[in-house]
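Good morning, colleagues. Please look at the sequence and the structure as they appear on the screen.

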Number of protein chains: 2
Amino acid sequence: MKKFEEKTLSTEKIFDGKVISLQVDEVELPNGNKSKREIIKHPGAVAVIAITAENKIVMVEQYRKAMERSLVEIPAGKLEKGEEPLATAHRELEEETGYVTESMVYVTSFYTSPGFADELIHLFLAENLKKKEDPASADDDEFVEILELRLEEAIDYMKQEKIYDAKTAFAVQYLQLREATKENG
Amino acid sequence: MKKFEEKTLSTEKIFDGKVISLQVDEVELPNGNKSKREIIKHPGAVAVIAITAENKIVMVEQYRKAMERSLVEIPAGKLEKGEEPLATAHRELEEETGYVTESMVYVTSFYTSPGFADELIHLFLAENLKKKEDPASADDDEFVEILELRLEEAIDYMKQEKIYDAKTAFAVQYLQLREATKENG
């Protein structure tokens, strides 16, 4: 899909960081005019909707510096170079929650902020969770607290803005839809 | 919610653009170690789930430079300085689609990429749409094509990755859930 393509006239690299990089592209618009586009490059990520035997959703609370507050989110993490999303999903689930599973199923993918960033997030559903005795641990600079919420609690957390990010909002709604169609069918 | 707070030791401003700005914060972690956080500041945005009298979802196709492709998304746009999200929702709906409504209802909000950006998006539901004779037009550098999709078509577009962003994926699922609970109740 290339409708209304914007041709790149020049690219200015501004910043190359640990997580993201920033460039400004000068583009030619479909009407011939010129404009600039500020673009964040990101390696992509996975997120895992993990459901325990008690039908609870595994969440992690962590501090998010960009907002200067903590958020309750589904487990997630960045793709390592060359890593398949499925492998990242298994790795992040174990590192962040101590759970492992043989039932990790792809759900969907989406760009998080297409207006300025190329971050693509891949969502997986993990069921039949098992607690690992000696799980791989998280990154040195990650501090997370694990929560296990019933669906109704997660919906309350959304109303209270404790859950307040796109992937987790999508995940909670995904489970609501699954419940609703189960009741239906 | 300040759990695992990361104290700011210093802030380095890297870039201040038209849409986003970038800074790198040096932080003190809960264990006393130091780390760096790459942070994008964004003014925030609204997105509108707009439903026509024929029960179709109004979508816009536009080129997204960060991904070098076009995407089909629900109408959306950035908050202007000091603008209330409800006003932005009315403005963007009219500018991008030519529709106006008196029925613009708040649905929810979420951060799009809490790992590196503070972009908060506010979602609204617009019904009882009316085509305006002489609508306010879009920004000079915005080229969009309007589509009106049945819910089943939108789900197909997701499978084909034409719809491929978080807010639109959430919106489609929101309408699926609304359908499912309508059938139920």
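I shall speak about how chain A and chain B meet.

This is a predicted model, in which local features need pLDDT of at least 70 and side-chain atom pairs count only at pLDDT 80 or more, while totals for chains, interfaces and linings use all residues. Residues are numbered from 1 along each chain as its sequence is written, chains are lettered from A and ligands numbered from 1 in the order in which they are written, and side-chain values use heavy atoms, with hydrogens and water left out.

I begin with symmetry. A turn of 180° and a shift of 0.0 Å along the axis lay chain A on chain B with an RMSD of 0.0 Å, by least squares on the C-alpha atoms of residues with pLDDT of at least 70 in both. The two copies are therefore related as by a two-fold rotation axis. Both use the same surface, since 100% of the contact residues of chain A recur in chain B.

Next, the extent of the interface. In chain A, 76 residues are in contact (heavy atoms within 4.5 Å) with 76 residues of chain B. Together the chains bury about 6800 Å², with 63% of it on carbon and sulfur atoms; this is the accessible area (1.4 Å probe) lost on being put together, summed over both.

Finally, the charged pairs. Two salt bridges are counted between the chains, each a side-chain nitrogen of Lys or Arg within 4 Å of a carboxyl oxygen of Asp or Glu. A salt bridge joins the side chains of A:Lys3 and B:Glu145, at 2.8 Å from N to O.

Terms used:
Buried area is the accessible area (1.4 Å probe) that two parts lose on being put together, summed over both.
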